[in-house]
Amino acid sequence: MHYSARMTAHAALLSAFLDDRHADQIAFLRELVRVPSDNPPGDCAPIARRAQALLEALGLQVEAYEVPAGQVRANGMRSAVNLIVRHRFAAEGPVIAMNAHGDVVPPGEGWTRDPYGAEIETDPRHGPVMYGRGVAVSKSDFATYTWALLALREAQRQGAAYRGAVELHFTFDEEAGGDIGPRWLLEQGHSRPDYALSAGFGYAITSAHNGCLHVEIRVRGRQAHAAMPETGADALEAATHVLQVLYAFRAELARRRSATPGIGWPTLNVGLIEGGINTNVVPDRVVFRVDRRMIPEEADLDAEAELRHVVETAIASRPGCAAELRRIMLARPLTQLAGAERLIEPLRRHARAAMDAEIPVHGVPLYTDARHYSERGIPTVLYGAGPRTLIEAGGHNADENLRLEDLRKATRVVALALDELLDGAARD
């Protein structure tokens, strides 16, 4: 069959299957949203077991990998189980992994609906909309990726010839950094994909994102009576000086501009601070935490060493005081690797047709689990269900929501892209 004719036939087959099973896909997503999976506290084994049961009910074989309790606790969580679904179409060909996370940030205040009700309301402009924590970030892509795989299995049943394999990686620690999710699966050798697709945020394809460094800075002085402050060493005064230097450094960082669309410049934020003993005592300790975001161009920069130098230089001018810097978390930036265009090109083309809109390829200033794949040399991009922007979906906000027509369209896009990437007549 001529390539274009094959594509047309496959597109019709895949689309018909997805349209016919869309109600089942919605029901699958509702069941996931209804299981609380807040992280923190990170007791995520229940949502993993529910997802496993739902996947097995669809006829998929699920491998469940329970993370050892010690590693879970060290990651600041209570329980974690990683899931892999594998479907090999042929011995030869690429292995494409698709990863989404099922842990969510706590709902917080301001909701007008039950965060775990998975309520569906009809919007006059956008049709049915589902509300619930995690419905957009990123339980929706459990449904996107699962139904894309089911569609290809149906096409294979009807005679389509595919090469390679598809794997679903469903993990539950993204909100804690992903170290015992995707990173753990790869380090343990449970998967060695050639390409990876990670949960997206909207219509755009994300090819790069910022990294993030969290550190705790502890400034120490010497306590004294407030009536005789000269007999002590004021940790708060020293910390104030360090903070002033850090904020000046933030202004320097703003002059480092990224060439990646969607990403501006490196940022620095002091988000927490505490210290002191009492009003009438010279403080001997102040602790604060810093969030330092790295642009993709800083992928090879030792941002921690740079920050440590800034702090050590600042505290040196405050006799009697000292400062210690401790890393809490480090997430490397995601950069576009050679080979990622093989994912980008079909995703962009099919998304443009499905959404009837130009689909940008850009970077985002936050960080995701996708970096764990790219750090191992695996070409990786982010794409999945969502509206035009994450803000529209209320991701990490009250009344998080997903337009169900966007779920249908994104699933079709992923299925058609996989159909091309695994084309039995093509060569790597």
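**Entry 1: the three-stranded sheet**

I began at strand S5 (residues 127-131), which three bridges join to S15, the two running antiparallel. I was working on a predicted model. I looked for a bridge pair to fix the register and found Tyr131, whose partner in S15 is Asn401.

Next I asked in what order the strands of this open sheet lie. The order is S4-S5-S15, with antiparallel pairing. At the edges I noted strand S4 (120-123) and strand S15 (401-403), each pairing on one side only. I read an average twist of 30° from one strand to the next.

**Entry 2: helices on that sheet**

I then checked what lies across these strands. Helix H2 (residues 22-33) lies across S4, S5 and S15 and runs at about 25° to S5. Helix H12 (residues 404-421) lies across S4, S5 and S15 too, but its angle is taken to S15 and is about 65°.

How do H2 and H12 cross? Their axes come within 11 Å, and the crossing angle is roughly 110°. I use the band of 65 to 115 degrees for roughly perpendicular, so I put H2 and H12 down as roughly perpendicular to each other. I logged the crossing of H2 and H12 as right-handed.

I listed the residues in contact. H2 supplies His22, Gln25, Ile26 and Leu29. H12 supplies Leu404, Leu407, Arg408 and Thr411. Sorted by class, this contact of H2 with H12 has four nonpolar, three polar and one charged residues.

**Entry 3: the four-stranded sheet**

I moved to another sheet. It is open, its four strands come in the order S10-S11-S9-S12, and the pairing is antiparallel. Which strands sit at the edges? They are strand S10 (267-275) and strand S12 (322-331), and each pairs on one side only. The twist here averages 20° from one strand to the next.

I followed one pairing in detail. S10 and strand S11 (residues 285-294) pair in the antiparallel sense over eight bridges. One residue I traced was Asn269, and its bridge partner in S11 is Asp291.

Helix H7 (residues 235-253) packs on this sheet. I found H7 touching strand S9 (211-220), S10 and S11, with a direction about 10° from that of S11. Helix H8 (residues 303-315) lies across S9, S10, S11 and S12. I noted that H8 runs at about 165° to S12.

**Entry 4: H7 against H8**

I looked up how H7 and H8 pack. The angle is about 135°, and the axes are 9 Å apart. That value falls outside the roughly perpendicular band of 65 to 115 degrees and is not over 145, so H7 and H8 are oblique to each other. H7 passes H8 in a right-handed crossing.

From H7, I listed Ala238, His241, Val242, Val245, Leu246 and Phe249 in the contact. From H8, I listed Glu306, Leu307, Val310, Val311, Ala314 and Ile315. The class count for H7 with H8 is 10 nonpolar, one polar and one charged residues.

**Entry 5: the whole chain**

I finished with totals. The protein chain has 12 helices and 15 strands. Its C-alpha atoms fill a box of roughly 90 × 45 × 40 Å along the principal axes.

Which radius of gyration would a compact globule of 428 residues have? It would be near 22 Å; the chain has 24 Å, and I recorded that as agreement.

Definitions and conventions:
Residues numbered from 1 in each chain as written. Predicted model: local features only at pLDDT ≥ 70, side-chain atom pairs only at ≥ 80, totals over all residues. Heavy atoms only, no water. Pairing = 2+ DSSP bridges. Axes fitted to C-alpha atoms, helices over the stretch in contact; angles between N-to-C directions. Contact = heavy atoms within 4.5 Å. Parallel < 35°, antiparallel > 145°, perpendicular 65-115°, else oblique. Left-handed = near helix turned anticlockwise from the far one by under 90°. Nonpolar A, V, L, I, M, F, W, Y, C, P; charged D, E, K, R; others polar. Rg over C-alpha atoms; globule rule 2.2 N^0.38 Å.
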